[in-house]
Amino acid sequence: MPVDGVPPLVRLSAQVRLVPLLNDAAGSTSTLDAVEETGHGWAVPWTLLLVVVLVGGGGTGLVVRDRRLRAAVRETASASA
């Protein structure tokens with residue numbers, strides 16, 4: 001079941017406390033024992049993950065381009081010497 005308004009912070013936890021009400025035939029209402037439960041789940045921050053991948057990919061592209069440029073400069077220098 002989707003829950004709105006919860007930011008994806010990688011690891012989430014939630015605690016629920018339920019107090020059931022009992023209606024009898026006479027029309028009176030009484031409470032039963034409360035039930036508490038805790039749940040955990042993963043929520044991937046897709047936007048942040050995309051930014052990290054794009055920045056990492058861009059950085060990798062710059063490193064590769066820099067290495068190719070340096071290799072070309074070395075080849076040019078050795079060819080002219």
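## Contacts along the chain

Among contacts in the protein chain between residues at least 6 apart in sequence, what percentage join residues at least 24 apart? The answer is 40%. Keep in mind as you look around that this is a predicted model.

## How confident is the prediction?

Let's begin with confidence. The protein chain has a mean pLDDT of 81, and 91% of its residues reach 70 or more. Strand β4, which covers residues 35-43, has the highest confidence, at a mean of 91. At the other end of the scale is helix α1 (residues 46-80), where confidence is lowest, at a mean of 77. A word of general caution: where pLDDT is low, the predicted coordinates should not be read in detail.

## The overall layout

Now follow the chain from its start. You will meet the pattern β-β-β-β-α, which amounts to four strands and one helix. The radius of gyration is 30 Å, well over the 12 Å that the globule rule gives for 81 residues, so the protein chain is more spread out than a compact globule. You can also picture a box drawn along the principal axes: the C-alpha atoms fill roughly 105 × 15 × 10 Å.

## Surface and burial

How much of this chain is buried? Buried residues make up 2% of the 81 residues. The accessible surface comes to about 7400 Å², and 64% of that area belongs to carbon and sulfur atoms.

## Two residues to visit

Try finding G5, in the segment before β1 (10-18). Is G5 buried or exposed? With a relative accessible area of 79%, G5 is exposed, because the cut-off for that word is over 50%. Between the C-alpha atoms of G5 and R68 there are 47 Å, and the two residues lie 63 apart along the chain.

Next, move to V53, which belongs to helix α1. V53 has a relative accessible area of 52%, so this residue counts as exposed too. From V53 to A77 is a step of 24 residues along the chain, and their C-alpha atoms are separated by 36 Å.

## Rings and charges

Finally, look at the aromatic rings. How many aromatic pairs does the count give? It comes to zero. One ring does have a charge over it, though: the charged end of R11 sits over the ring of W42, at 5.1 Å from the ring's centre.

Terms used. Residues are numbered from 1 along each chain as its sequence is written. This is a predicted model: local features need pLDDT of at least 70, side-chain atom pairs count only at pLDDT 80 or more; totals for chains, interfaces and linings use all residues. Side-chain values use heavy atoms; hydrogens and water are left out. pLDDT is the predictor's confidence in each residue, from 0 to 100. Helices (H or I, at least four residues) and strands (E, at least two) are DSSP runs, numbered from the N terminus. Rings of Phe, Tyr and Trp (its six-membered ring) pair if their centres lie within 6.5 Å; planes under 30 degrees apart count as stacked, over 60 as edge-to-face and the rest as tilted. A charge sits over a ring if NZ of Lys or CZ of Arg is within 6 Å of the ring centre and within 35 degrees of the ring normal. Buried means under 20% relative accessible area, exposed over 50%, partly exposed in between (1.4 Å probe, protein chains only). The radius of gyration is taken over C-alpha atoms; the globule rule is 2.2 Å times the number of residues to the power 0.38. Contact means heavy atoms within 4.5 Å. Accessible areas come from the Shrake-Rupley method with a 1.4 Å probe; for residues, only the protein chains shown count as cover.
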